[in-house]
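These are my notebook entries on a single structure. I looked up the ligand site, the cysteines, one helix and the salt bridges, in that order.

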Amino acid sequence: MGEKVTLLHGDCLDKLKGLDDCSVDAVVTDPPAGIAFMGKDWDKDKGGRDEWIAWMESVAVECLRVIKPGGHALVWAIPRTSHWTGMAWENAGWAPRDKVYHIFGSGFPKSLNIEKQIEDPTLSKQWEGWGTSLKPNAEEWWLFRKPIETTVAENVLKHGTGALNIDGCRIKTDEKLVVNKLEKWSGFGQEKRPDYEMTENTKGRWPSHVVLDDSPEVVSMFPVSKDGVAHGSNASAGNVYGGGKGLKVEDKDGKSVGYGGEGSAARFFYCAKANQTDRNEGCENITPKKQDLSRKEGNPGGDNPRNRGVKVRNNSHPTIKPIALMSWLCRLITPPNGLVLDPFMGSGSTGKGAIQEGFRFIGIEKEAEYFEIAKARLTHQQEKKHIEEINKTQDTTDLFEE
Ligand SMILES: C[S@@+](CC[C@H](N)C(=O)[O-])C[C@H]1O[C@@H](n2cnc3c(N)ncnc32)[C@H](O)[C@@H]1O
């Protein structure tokens, strides 16, 4: 698909073998989780935990071979089998560096109602209100790095890889994120930290482990607090940005220093779930397919009543990811003009993000149906990006002419 995008239809283990050593800058991928999601064959566990880990490890070994030293991978996982994913990639030789947690409000609990499982009413009554599952509200993205060769600085200079694009992924804020030379510091039981100097930060908040969706449910978990005390789930997050309200900081006269980090969800990167435009744009010529989202074991759907029942969709992939999230993840780990690889492309959401960010992209998908959808979506995204760039050039020319 032109010079910048290559889509490969087939098994990723075969297709990865055709890529050169050290030719890729970043891997951003949403692989199977091994839970047979919606009964899909591609998500089955390959015979058991060990078999699945061995299979995933073999893919991760190939990814390690094709990425440059110091290159990062962001690999999606669910809490239930995240340790399988983590083990597989670590066994392959990747260094686990971190995790990004995507917190959303749309999951629904696929829980067994115990009371209803017991026929005898005298016995079932006491099990009213008992179930088997929590409500899914979080997904994880493992952050791995291929070991660097010498130092990070040398690695970056030689290969362009090894570091994270912190400034490029900061969370914009209108708040003043303070700023003071502190001579007295009362955090963590220490009286003085003369070496600890805060400088004014006008660039936005440091990208963190947490990415939120904008559901009222999630936003309400992070209420705005003005009293200097971190609330609820904010308590531990208070320090994430180097100056949350849970951390008391004083200036040399003992006066409380004004700083950002007030307790609100605005401190985190917001990412709404993929909307219908994001899901379907470019897929107008794909034959729509019925997708069963009813509340059945293994089905997605969500608490949002609009998401339930049978839907007819051009992009029928059951696990698409929002472009805003994929753009941010690609930007975080890919150097300028870099090449992003997704060996489990599905309907191409990583590719959409990569193209949006101006990166090159290689995507691999084995299911023909999803491959066609990805091709349509990414063709559309390339055209959109092209038009965006033309408009940008025109804007600049206009400015120049004025
Ligand atoms: C979780 S989905 C990715 C969805 C994607 N993020 C999107 O937004 O559409 C994982 C994809 O990996 C594909 N897959 C599974 N095993 C594969 C393999 N061995 N080689 C290539 N693709 C594979 C599946 O068909 C599925 O589309």
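**Entry 1: ligand shell.** For the tally below, I count Ala, Val, Leu, Ile, Met, Phe, Trp, Tyr, Cys and Pro as nonpolar, Asp, Glu, Lys and Arg as charged, and the others, Gly among them, as polar. I note at the outset that this is a predicted model. I asked which residues of the shell are closest to the ligand. I found 22 residues surrounding the ligand, with Asp-30, His-317, Ser-347, Ser-349 and Glu-365 as the closest. By class, the shell divides into 9 nonpolar, 7 polar and 6 charged residues.

**Entry 2: polar contacts to the ligand.** I then looked up individual atom pairs. Ser-347 places a polar side-chain atom 2.7 Å from an oxygen atom of the ligand. From Lys-321, a backbone N or O atom lies 3.2 Å from a ligand oxygen atom. Lys-366 also contributes a backbone N or O atom, 3.3 Å from a nitrogen atom of the ligand. On its own the ligand has 600 Å² of accessible area, and I recorded that the protein covers 99% of this.

**Entry 3: cysteines.** How many disulfides does a search of the whole structure find? The search returned 0. I checked Cys-169 to see why. Its sulfur has its closest cysteine sulfur in Cys-330, at 9.8 Å, which is too far for a bond; the cut-off for a disulfide is 2.5 Å. Cys-169 has 0% relative accessibility and counts as buried. Cys-271, at 1% relative accessibility, is likewise classed as buried.

**Entry 4: helix H11.** I next asked whether the residues of H11 are buried or exposed. Ser-349, Thr-350, Gly-351, Lys-352, Gly-353, Ala-354 and Ile-355 are buried. Helix H11 spans residues 349-356, and 7 of its 8 residues are buried, so the rest of the structure largely encloses the helix. I recall from the first entry that Ser-349 is among the closest residues to the ligand. After H11 comes Gly-358, whose phi is positive, near 85 degrees.

**Entry 5: salt bridges.** I counted 20 salt bridges in the structure, and examined three pairs.

- Arg-65 and Asp-21 form a salt bridge whose closest N and O atoms are 2.6 Å apart. Arg-65 lies in helix H2 (residues 49-66) and Asp-21 in the loop between helix H1 (12-17) and strand S2 (24-29), so the pair ties together parts 44 residues apart in sequence. Arg-65 is partly exposed, at 24% relative accessibility.
- Lys-99 and Glu-140 meet through their side chains at 2.9 Å, N to O, in a salt bridge. Lys-99 belongs to strand S4 (residues 95-103) and Glu-140 to strand S5 (residues 138-145), so this pair joins parts 41 residues apart in sequence. Both Lys-99 and Glu-140 are buried.
- Lys-384 and Glu-281 form a salt bridge at 3.1 Å, N to O. The pair links distant parts of the chain, 103 residues apart: Lys-384 is in helix H12 (residues 368-401), and Glu-281 is in the loop between helix H9 (276-280) and strand S10 (289-292). Lys-384 is partly exposed at 35% relative accessibility, whereas Glu-281 is buried at 13%.

**Entry 6: network.** Finally, I asked which residues are linked with Lys-384 and Glu-281 in a network of salt bridges. The network also includes Asp-278, Lys-352 and Arg-377. Lys-352 is one of the buried residues of H11.

Methods: Residues are numbered from 1 along each chain as its sequence is written. This is a predicted model: local features need pLDDT of at least 70, side-chain atom pairs count only at pLDDT 80 or more; totals for chains, interfaces and linings use all residues. Side-chain values use heavy atoms; hydrogens and water are left out. A residue is near a molecule or strand if one of its heavy atoms lies within 4 Å of it. A polar contact is a pair of N or O atoms within 3.5 Å; within protein, one must be able to donate a hydrogen and the other to accept it, and residues adjacent in sequence count only if both atoms are side-chain atoms. Accessible areas come from the Shrake-Rupley method with a 1.4 Å probe; for residues, only the protein chains shown count as cover. Buried means under 20% relative accessible area, exposed over 50%, partly exposed in between (1.4 Å probe, protein chains only). Helices (H or I, at least four residues) and strands (E, at least two) are DSSP runs, numbered from the N terminus. A salt bridge is a side-chain nitrogen of Lys or Arg within 4 Å of a carboxyl oxygen of Asp or Glu.
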